[in-house]
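Where does this fold leave empty space, and what packs around it? The report below takes cavities and pockets in turn, then the cores, one strand and one loop residue.

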Amino acid sequence: MASENPFLEALPTGHTRGDFSREEVALANRNSGIALETLRYDLTPVGLHYLLIHFDIPHLEADTFRLSVGGLVARPLSLSLDDLRALPRRTERVTLECAGNGRGQVEPRYQSMPWSYEAVGTAEWTGTPLANVLTAAGLDERAAEIVFYGADRGFDRHGEHTYGRSLAPAHALRDEVLLVYEMNGMPLLPQHGFPLRLVVPGWFGMASVKWLERIEVWDRPFDGPQQTPHYHFRTVAGEPGTPVTTLRVKSLMVPPGLPDVYTRRRVVERGDVEIVGRAWSGAGAAIARVEVAVDGVWREANLDAPMGRFAWRGWKFHWRAEAGLHELACRATDIDGNVQPLDPVWDVGGFGNNAVQRVQVMVR
């Protein structure tokens, strides 16, 4: 950490209720989420995939880019993008979700990016397994953490730092953990980590470091600000908490009918209505069922075929809509028996809110 944050006095303290602050609105303008109607796509179009950019988007050139690998390795490496492209390729369909998705619906809330439901997306990520590079470097037997640094740097409550995260060696060596240079068959866009990023399937998005330029092998736990103390589940401020890691089971629906342009409230014509959506869980756990409630009465939805171990799963529900005002909700259950809660579970940082989505619909 190079220095303390000179803007600490301007940062909010404690939690708040009610309207979003000017700063929260500005964050929402910088970090886009998906439009829920695009849940109809198996793969989220690149320009519609959610974004969370902590600091600035670095300006990096493919021709001069180098990935350095050092620390406790037998052979330190400096790899160009062409070097990485020459290694065996792998493509994974992966659903990524921001750990703060749903923060804006928790009260009192932590003032940060005020997500509702939209911080999620699924893409085909292409690159080379991280294991290929770590094996080439030769991990020392003392290796305890693999640390990843992006090119983005700035200030937050914990002072000035470069964005960094880590994985245990056993996890980093899994085949599905990728050094990625393509998204949906095209080179990464600047906002998605060009020219190289890490993708850690099954984990919340904070683990998938963008603009990756440095890997270090440590013989001790990594204590960077984005690892400790940030990104921990806490019910009481100041407690050590539990690290945020794998995704929580969740489902979302495409709001049916026509929207009001300002309130986003929905109008549906009476009769047969097909409701569609997506469901996912963490660590590769399959979705076992999705249920839809109309005015609190739950019924089973039909699941689409799986798209991949780490990708969301589509579902459909047929509703015979009767005139009046109705509330729709959806909830998923994974193969391990994890079920979405009906209401948000409060967290100090607003992390991991997977409460059921509720949509108010006027049927005419």
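A cavity here is a set of grid points where a 1.4 Å probe fits but cannot get out. The model is predicted. Searching the whole structure turns up two cavities of 30 Å³ or more.

**Voids and pockets**

The table lists each space with its volume and the classes of its lining residues.

| Space | Volume | Nonpolar | Polar | Charged |
|---|---|---|---|---|
| Largest cavity | about 230 Å³ | 13 residues | five residues | three residues |
| Second largest cavity | about 30 Å³ | three residues | four residues | three residues |
| Largest pocket | about 1,300 Å³ | 19 residues | 16 residues | eight residues |
| Second largest pocket | about 700 Å³ | 11 residues | five residues | seven residues |

Start with the largest cavity, at about 230 Å³. It is lined by 21 residues, and those closest to its centre are Leu-52, Arg-197, Gly-205, Ser-208 and Lys-210.

The second largest cavity holds about 30 Å³. Its lining includes Glu-97, Cys-98, Ala-99, Asn-101 and Phe-204. Arg-248 and Lys-250 are also among the lining residues, as are Gly-352, Asn-353 and Asn-354.

Now the open spaces. The largest pocket has a volume of about 1,300 Å³. Its lining counts 43 residues, and Tyr-110, Gln-111, Ser-112, Asp-156 and Arg-157 lie nearest the centre. Two elements give two or more residues to this lining: helix 1 (22-30) and strand 5 (145-156). Helix 1 has the largest share, with five residues.

The second largest pocket takes up about 700 Å³. Here 23 residues form the lining, with Leu-36, Glu-118, Thr-263, Arg-264 and Arg-265 nearest the centre. Strand 22 (residues 357-363) supplies the largest share of the lining, four residues.

**Nonpolar cores**

In soluble globular proteins, nonpolar side chains tend to be buried together. In this model, the largest nonpolar core has 68 residues. Leu-179 and Ile-215 have the most contacts inside this core. Strand 7 (residues 178-183) gives the most to it, with five residues.

What does Ile-215 touch, leaving out residues up to four places away in sequence? One stretch of partners is Leu-67, Ser-68, Val-69 and Gly-70. Another is Ile-146, Val-147 and Phe-148. Leu-130, Leu-134 and Leu-179 complete the list for Ile-215.

A second core of 21 residues is separate. Among its members are Val-249, Met-253, Val-273 and Val-290.

**Strand 13**

Is strand 13 (residues 250-253) covered on one face or on both? Both faces are covered. Lys-250 and Leu-252 are buried on one side, and Ser-251 and Met-253 are buried on the other. Two of these residues have appeared above: Lys-250 lines the second largest cavity, and Met-253 belongs to the second core.

The partner of strand 13 is strand 16 (residues 271-280), joined to it by four bridges. The two strands run antiparallel. Opposite Leu-252 stands Arg-278 of strand 16.

**Glu-141**

Where does Glu-141 lie? It is in the loop between helix 3 (130-137) and strand 5. Is Glu-141 buried or exposed? Exposed means over 50% relative accessible area. Glu-141 has 81% relative accessibility, so it counts as exposed. Val-73 is 68 residues away from Glu-141 along the chain, and their C-alpha atoms are 9.1 Å apart.

How values were computed: Residues are numbered from 1 along each chain as its sequence is written. This is a predicted model: local features need pLDDT of at least 70, side-chain atom pairs count only at pLDDT 80 or more; totals for chains, interfaces and linings use all residues. Side-chain values use heavy atoms; hydrogens and water are left out. Buried means under 20% relative accessible area, exposed over 50%, partly exposed in between (1.4 Å probe, protein chains only). Two strands pair if DSSP finds at least two bridges between them. On a 1 Å grid over the protein atoms alone, a cavity is a set of points where a 1.4 Å probe fits but cannot get out, and a pocket is an open set with protein on both sides within 12 Å along at least five of seven lines; lining residues have an atom within 4 Å of a point. Grid points are joined across faces, edges and corners, and a volume is the space filled by probe spheres set on the points. Ala, Val, Leu, Ile, Met, Phe, Trp, Tyr, Cys and Pro count as nonpolar, Asp, Glu, Lys and Arg as charged, and the others, Gly among them, as polar. A nonpolar core is a set of buried Ala, Val, Leu, Ile, Met, Phe, Trp, Tyr and Cys residues joined through side-chain atoms within 4.5 Å. Contact means heavy atoms within 4.5 Å.
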